[in-house]
Amino acid sequence: MESQRSKISFHNIFHRIKYALRNEGLRVTLLKIYTLLNDRLFDIRYGLDTCNLTELEELTITSENKDRGVSYQPSRVIPLKKLFSEIRPYMPADSVFVDFGCGKGRVLLIAKTFGFSEVRGIEFASELCEIARKNCSVFETNTGLNTPCRIIEADVTTYSINPDENVFFLFNPFDEEVLQKVISGISNSLKFRHRKVLIIYHFPKFINVFDRSMEYERLQDFDFWGYKFTVYSNIA
């Protein structure tokens with residue numbers, strides 16, 4: 001199985017490099033190769049498991065929304081660090097960070113290094129939850145960063161947004177219908193406790209969900225070598 005995964009991973013990387021060379025040129029391609037290598041070094045340095053892709057069919061998922069999810073693939077470390085550095089001026093005080101569809105927890109680990117009071121990951125696959133919990137524990141041991149990290153096994157459509165949560169991350173983890181329910185859940189939580197929130201949408205595919213909303217405005221778009229993020233906030 002591991003040998004097969006390695007072949008699939010190498011095959012995917014080869015095609016990504018080929019696509020980047022054809023469509024983005026040599027400079028961006030070299031930067032993307034550097035980014036991929038940095039991801040591997042991140043795992044090796046801290047003893048983590050965040051790089052390998054995982055298909056939904058390999059996972060134990062009881063949610064009726066399984067077919068609306070996507071396979072696990074990690075966000076890239078360097079673009080994430082650049083993003084968090086850029087949005088620091090926008091972040092509310094005592095920010096609690098939530099990653100919807102956190103997978104193996106890489107985004108949470110990077111967020112732990114940027115001063116959040118707590119990081120939380122919502123994930124509906126049991127195996128990914130266990131890996132994410134282990135990654136958080138190992139990362140804390142190897143870095144000394146003790147920012148609380150909670151992994152919650154749940155369907156994002158039924159997760160109840162807590163009143164202290166104010167920075168939300170989505171790496172295009174599900175389809176438009178589920179995204180709409182998640183955004184509605186955030187909006188409903190604001191009725192109980194009004195506060196400033198940020199919503200980070202990585203590789204934004206269904207931006208029409210936000211465009212239809214009267215509650216959120218686009219703060220800024222970021223593009224780090226083709227790794228795209230759009231940041232929204234509620235209108236004060």
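Along the sequence, the chain runs α-α-β-α-β-α-β-β-α-β-α-β-β. That comes to 6 helices and 7 strands. Both are DSSP runs numbered from the N terminus: helices are H or I with at least four residues, strands E with at least two. The radius of gyration is 17 Å, close to the 18 Å that the globule rule gives for 236 residues, so the chain is as compact as a globular protein of that length. The radius is taken over C-alpha atoms, and the rule is 2.2 Å times the number of residues to the power 0.38.

This is a predicted model: local features need pLDDT of at least 70, side-chain atom pairs count only at pLDDT 80 or more, and totals for chains, interfaces and linings use all residues. Residues are numbered from 1 along each chain as its sequence is written, and side-chain values use heavy atoms, with hydrogens and water left out.

**Whole chain**

The C-alpha trace spans about 50 × 40 × 35 Å along its principal axes. Of the 236 residues, 50% are buried. Buried means under 20% relative accessible area, exposed over 50%, and partly exposed in between (1.4 Å probe, protein chains only). Among contacts between residues at least 6 apart in sequence, 70% join residues at least 24 apart. A contact means heavy atoms within 4.5 Å.

**Asp 99**

Asp 99 sits in strand 1 (residues 96-100). Asp 99 is buried, yet has no salt bridge. Arg 106 is the nearest side chain of opposite charge, 10.0 Å away. A salt bridge needs a side-chain nitrogen of Lys or Arg within 4 Å of a carboxyl oxygen of Asp or Glu. Lys and Arg count as positive, Asp and Glu as negative; His and the chain ends are not counted. Beyond its neighbours within four places in sequence, Asp 99 contacts residues including Val 107, Leu 108 and Phe 169.

**Loop residues**

| Residue | Loop | Relative accessibility |
|---|---|---|
| Leu 56 | helix 1 (2-46) to helix 2 (77-87) | 10%, buried |
| Asp 94 | helix 2 to strand 1 | 65%, exposed |
| Phe 203 | strand 5 (198-202) to helix 6 (208-211) | 32%, partly exposed |

Neighbours within four places aside, Leu 56 touches Ile 61, Lys 66, Gly 69, Val 70, Ser 71 and Phe 124. Leu 56 and Gly 105 lie 49 residues apart in sequence and 16 Å apart in space, C-alpha to C-alpha.

Asp 94 is not a glycine, but its phi is positive, about 50°. Phe 203, also a residue other than glycine, has a positive phi near 50°.
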